[in-house]
Amino acid sequence: MIRRFLRARDLDIEEASNLFLKYLSWRRSFVPNGSISTSEISNEIAHNKLFMQGLDKKGRPIVVCFGGRHKQNNLEEFKRFVVYSLDKICSRMPRGEEKFLCIGDLGGWGYSNSDIRGYLAALTILQDCFPERLGKLIIVHVPYIFMTAWKMVYPFIDSKTKKKIIFVENKKLKSTLLSDIDESQLPDTYGGQLPLVPIQDT
């Protein structure tokens, strides 16, 4: 864990220490019981927007997030859902693996799904409380109108995270996914063999 915080701050011991102490304080106050129960995030789970199954070619868990199913809701509950999900993902990582691969599917995304406050809150939690956990984010089925929201969020993404994000056009979708994921591990919704499993059922 300490190595991850050090890498997130380019091995600057003072900055990494400050980030780690901030994380410990946040964890005690935000997750006082040690974990978040599904009863605390029932509205978010009902959206059926986050799934996890299989491993990529590097042995990282594969997470699929459907942005078009997200609805702007209670911000605190959404933050709890983000923490619940990241805790779940981390608990399912194979021994020796620290990162996960995420497919962000924006099919059907429209202005009713736009939630800048929620996106920024999730980004802050990922970067400051779960540093160096994201291995790669592949964004697919991107509607043109999403770029308006993306331009508002992009400045808040740190340089390390930016390098892990790729946008894929539809005609290159399966070939791009197969470069990282074997067909036996690829979700069936993208022509692979594994069925999607909701995050709460993993």
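Hi everyone, let's start with Asp115: apart from its neighbours within four places in sequence, Asp115 is in contact with His70 and Gln72. One caveat before I go on is that this is a predicted model. Asp115 sits in the loop between β3 and α5, the helix of residues 116–129. What makes me stop here is that Asp115 is buried yet has no salt bridge. Which side chain of opposite charge is nearest to Asp115? That is Arg117, 5.2 Å away, and a salt bridge needs the nitrogen and the oxygen within 4 Å.

Arg117 turns up again on my next topic, the largest pocket, as one of the residues lining that pocket. The volume of the largest pocket is about 200 Å³. Which helix gives the largest share of the lining? α5 does, with 6 residues. Helices α2 (13–30), α4 (75–91) and α5 each supply at least two lining residues. If you want to click through the lining, it includes Tyr23, Trp26 and Phe30, along with Leu75, Lys79, Ile125 and Asp128.

Please keep Asp128 selected, as we now move to salt bridges. The count comes to 13 salt bridges. In one of them Asp128 pairs with Arg9, with the closest N and O atoms 3.9 Å apart. Asp128 lies in α5 and Arg9 in the loop between α1 (2–8) and α2, so this pair ties together parts that are 119 residues apart in sequence. Asp128 counts as buried because its relative accessibility is 17%, while Arg9 is partly exposed at 23%.

That loop between α1 and α2 also holds Asp10. The side chains of Asp10 and Lys160 meet in a salt bridge, 3.1 Å from N to O. Lys160 belongs to helix α7, residues 159–162, and the two partners are 150 residues apart. Here Lys160 is partly exposed at 27% relative accessibility, and Asp10 is exposed, with 59%.

Now for a pair that is hidden away: Lys164 and Glu132 form a salt bridge at 3.6 Å, N to O. Lys164 is in the loop between α7 and β5, Glu132 in the loop between α5 and β4, and 32 residues separate them in sequence. Are these two buried or exposed? Both Lys164 and Glu132 are buried. Salt bridges with shared partners join them with Arg7, Glu98 and Lys99 into one network.

Last stop, helix α8, residues 173–180, where Leu173, Thr176, Leu177 and Asp180 are buried. They span an arc of only 95° around the axis, so they sit on the same side of α8. Those buried residues pack against β3 (100–105), β4 (134–140) and β5 (165–167). Thanks, everyone!

Conventions: Residues are numbered from 1 along each chain as its sequence is written. This is a predicted model: local features need pLDDT of at least 70, side-chain atom pairs count only at pLDDT 80 or more; totals for chains, interfaces and linings use all residues. Side-chain values use heavy atoms; hydrogens and water are left out. Buried means under 20% relative accessible area, exposed over 50%, partly exposed in between (1.4 Å probe, protein chains only). Helices (H or I, at least four residues) and strands (E, at least two) are DSSP runs, numbered from the N terminus. The arc is that of the directions from the helix axis to the C-beta atoms. Contact means heavy atoms within 4.5 Å. Lys and Arg count as positive and Asp and Glu as negative; His and the chain ends are not counted. On a 1 Å grid over the protein atoms alone, a cavity is a set of points where a 1.4 Å probe fits but cannot get out, and a pocket is an open set with protein on both sides within 12 Å along at least five of seven lines; lining residues have an atom within 4 Å of a point. Grid points are joined across faces, edges and corners, and a volume is the space filled by probe spheres set on the points.
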